[in-house]
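Trainee: Could you walk me through this one? I'd like to know how each label is earned.

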Amino acid sequence: MPYTLPALPYPPAAFEPHIDAKTMEIHHGKHHAAYVTNANKALEGTAWAELPAEQLMGKLAELPDDKRVVLRNNAGGHFNHSLFFRTLAPAGGPAASAELTDAIDATFGTLQAMKEQFADAAVKRFGSGWAWLCVMPGGKLKICSTANQDNPLMGEAIAGCGGAPILGLDVWEHAYYLHYQNRRADYITAFWNVVNWAEVSKNFGAAKR
Ligand code: MN
């Protein structure tokens, strides 16, 4: 199988009360799992089956018509959820690295200003999609939002936004509805309590090289 569902590196209740255990179980065990299954069905026996999802994202334009949409949605979904679950950690973990903090301050002024701009992108996404913190060529940071399971690695022409995503927030209703119902803004506020800044800092270090 080209892709496998990564195990959650923490128990589903690890993010209570910010993200509830039932949501984590369904989100990972059903939604993420379905993206993996559907991507694998489309990739099996093709020239792209050996390619990590991250690399496939930049090659969607090369895919035949019958594969492009299903892999945009499902390989996209697999990449996005892998990043999302990896960049969560129980509340009280370490802060961002000095290097990432400097980059945040240089681009946004303060961490708080970055959070506000990110939350704005997340709350304004109409329907389903994601908010992203990305590294642009040259090391500058940028915030953007994409629809559905698109992501910045797909490039500006497809996703409407480019760069290397280092932090992503899922704002599909399946990510928050059990606990927050229509209160997406409250879910976004709570999200900051469970960001894995060590992992985001690692992503930043890798992306800006
Ligand atoms: Mn999701």
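Trainee: What order do the three strands of the open sheet have?

Mentor: The order is E2-E1-E3, and the pairing is antiparallel. Before we go on, this is a predicted model, where local features need pLDDT of at least 70 and side-chain atom pairs count only at pLDDT 80 or more, while totals for chains, interfaces and linings use all residues. Residues are numbered from 1 along each chain as its sequence is written, and side-chain values use heavy atoms, with hydrogens and water left out.

Trainee: How do you know that E1 and E2 pair?

Mentor: Two strands count as paired if DSSP finds at least two bridges between them, strands themselves being DSSP runs of at least two residues (helices, H or I, at least four), numbered from the N terminus. Strand E1 (residues 129–135) and E2 have seven bridges in the antiparallel sense, so they pair.

Trainee: What makes E2 and E3 edge strands?

Mentor: Each has a single partner strand, so one side of each is left without a neighbour in the sheet.

Trainee: Why is Cys-144 to Cys-161 called a disulfide?

Mentor: The cut-off is a pair of cysteine sulfur atoms within 2.5 Å. Here the S to S distance is 1.9 Å, so the pair qualifies. Cys-144 sits in strand E2 (residues 141–147) and Cys-161 in the loop between helix H6 (156–159) and E3, 17 residues apart. The structure holds one disulfide.

Trainee: Why is Cys-134 left out of a bond?

Mentor: The closest cysteine sulfur, in Cys-144, is 4.2 Å away from the sulfur of Cys-134, so that is too far for a bond. Cys-134 stands opposite Lys-142 in E2.

Trainee: Why is Cys-134 called buried?

Mentor: Buried means under 20% relative accessible area, against over 50% for exposed and partly exposed in between (1.4 Å probe, protein chains only). Cys-134 comes out at 0%, so the label fits. Cys-144 is buried too, at 10%, and Cys-161 is buried at 1%.

Trainee: What makes His-27, His-81, Asp-170 and His-174 the residues that coordinate the manganese ion?

Mentor: Donors are N, O and S atoms within 2.8 Å of the metal (3.2 Å for Na, K and Ca); water is not among the atoms, so sites may look incomplete. The NE2 atoms of the three histidines and OD of Asp-170 lie at 1.9 to 2.1 Å, so they count as donors. His-81 lies in helix H3 (residues 65–86) and Asp-170 in strand E3 (residues 164–170), so the pair ties together parts that are 89 residues apart in sequence.

Trainee: Are those two buried or exposed?

Mentor: His-81 is buried, at 0%, and Asp-170 is buried at 0% as well.
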